Structures are given as structure tokens and as C-alpha cells.
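Colleague: I want to go through this fold strand by strand. Show me the structure, then let us start.

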Amino acid sequence: VRQYCTHNFKDLVGVVSLVRFHPTELMLFSSSSDNLIRIWDLNSSRCIMILDGHVSHVTSLAFTNDGKHLISGGRDKVINIWSWSDGELIKTLPVFESIEGVVILPSNINTLLGIAKHSVAIATA
């Protein structure tokens, strides 16, 4: 089996623990042990933005169905909602438990679960 290195990313600090590709843009999102989220342009292999809003390890990244917002969760017991295109932290939701994963459900699931159309539902297990 042949393997190829397609990108070499510089300016990383610490160990990268999580990467997510944007669903429609040529962007890669990563988190590392410095508690920051980096946005990488895959055309240039350069970091174009750093999102700073967690005080502990970021353990999960997910995109909203329209790809406009990034949801991040971490061991600091908060979920952050970002406008990733301009780096704005829109909202921080305290959940009082370490977050190991966030999932964005399909938009039609609201009706099935009885959730208001434009609301955020948080479930813990």
C-alpha cells in the first residue's frame, strides 16, 4: 500500500488531537494540546485563522448543516458556537460536564424530537 503526504502544515504547537474537513470549502480545522482551533487553507497549506475560546483540551468539532458555523466542545465543560469565516465566537453554552463529542443532527430531526425549529438541544449521556 502506497501512502502519500499531500500537505505539510507548519506553525503547529503541541500534539494535534483532532482534525475535521469543512463539508464544502477546501479548509481543514484542527485542535491541539494548546486548546486552540486552527483553520487551514488546503490550497496554500497555511493557517489562516486561530479560534481561541477554550481553556482546556478541545475534544470535538462539528459543522452545522449549512456549513456556516463550527461547534466545538471540550473538557472545559462548554460548547462554543463559532462563525468560522470571521472567527467570531457567537455563543458559549456551559454544560457542566466534560464534552467528548458533539454531533449536529439533520435539520428534519427537530420535528421527530419535538424541538422548536430554531433552537439548540443539548443531550448528555
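Colleague: How many residues lie between E1 and E2 in their hairpin?

Modeller: First, the ground rules: this is a predicted model, where local features need pLDDT of at least 70, side-chain atom pairs count only at pLDDT 80 or more, and totals for chains, interfaces and linings use all residues. Residues are numbered from 1 along each chain as its sequence is written, and side-chain values use heavy atoms, with hydrogens and water left out. Strands here are DSSP runs of at least two residues, labelled E and numbered from the N terminus. E1 and E2 form a hairpin, and the number of residues between them is five.

Colleague: Which residue of E2 is the bridge partner of Val 16?

Modeller: E1 and E2 run antiparallel and are joined by five bridges. Two strands count as paired if DSSP finds at least two bridges between them. Leu 18 has Ser 31 as its bridge partner in E2. For Val 16, the partner in E2 is Ser 32.

Colleague: Is Ser 32 buried or exposed?

Modeller: Ser 32 lies in strand E2. Its side chain makes a polar contact of 3.4 Å with that of Arg 38. Such a contact is a pair of N or O atoms within 3.5 Å; within protein, one must be able to donate a hydrogen and the other to accept it, and residues adjacent in sequence count only if both atoms are side-chain atoms. The relative accessible area of Ser 32 is 1%, and buried means under 20% (1.4 Å probe, protein chains only), so Ser 32 is buried.

Colleague: How many of the six residues of E2 are buried?

Modeller: Both faces of E2 are covered. Met 27, Phe 29 and Ser 31 are buried on one side, and Leu 28, Ser 30 and Ser 32 on the other. The count of buried residues in E2 is six of six.

Colleague: Which residue in the turn between E2 and E3 has a positive phi?

Modeller: E2 and E3 run antiparallel, with five bridges. One of the pairs sets Leu 28 against Trp 40 in E3. The hairpin has four residues between its strands, and the phi of about 70° belongs to Asn 35.

Colleague: Which strands stand at the edges of the E1-E2-E3-E4 sheet?

Modeller: This is an open sheet of four strands with antiparallel pairing. Its twist averages 25° from one strand to the next. Two strands have a single partner each, so one side of each is left without a neighbour in the sheet: E1 (16-21) and E4 (46-51).

Colleague: Which element gives the most to the largest nonpolar core?

Modeller: A nonpolar core is a set of buried Ala, Val, Leu, Ile, Met, Phe, Trp, Tyr and Cys residues joined through side-chain atoms within 4.5 Å. The largest has 12 residues, including Leu 18, Phe 29, Val 58 and Trp 84. E2, strand E3 (37-41) and E5 each give two or more residues to this core. The most, three residues, come from E5.

Colleague: Where is Ser 83 found?

Modeller: Ser 83 is buried, with a relative accessible area of 11%. Leaving aside neighbours within four places in sequence, Ser 83 is in contact (heavy atoms within 4.5 Å) with Lys 68, His 69, Glu 88 and Ile 90. An open, antiparallel sheet of four strands has the order E5-E6-E7-E8. Ser 83 is found in residues 78-83, strand E7.

Definitions and conventions
Buried < 20%, exposed > 50% of the residue type's maximum accessible area, 1.4 Å probe, protein only. Axes fitted to C-alpha atoms, helices over the stretch in contact; angles between N-to-C directions.
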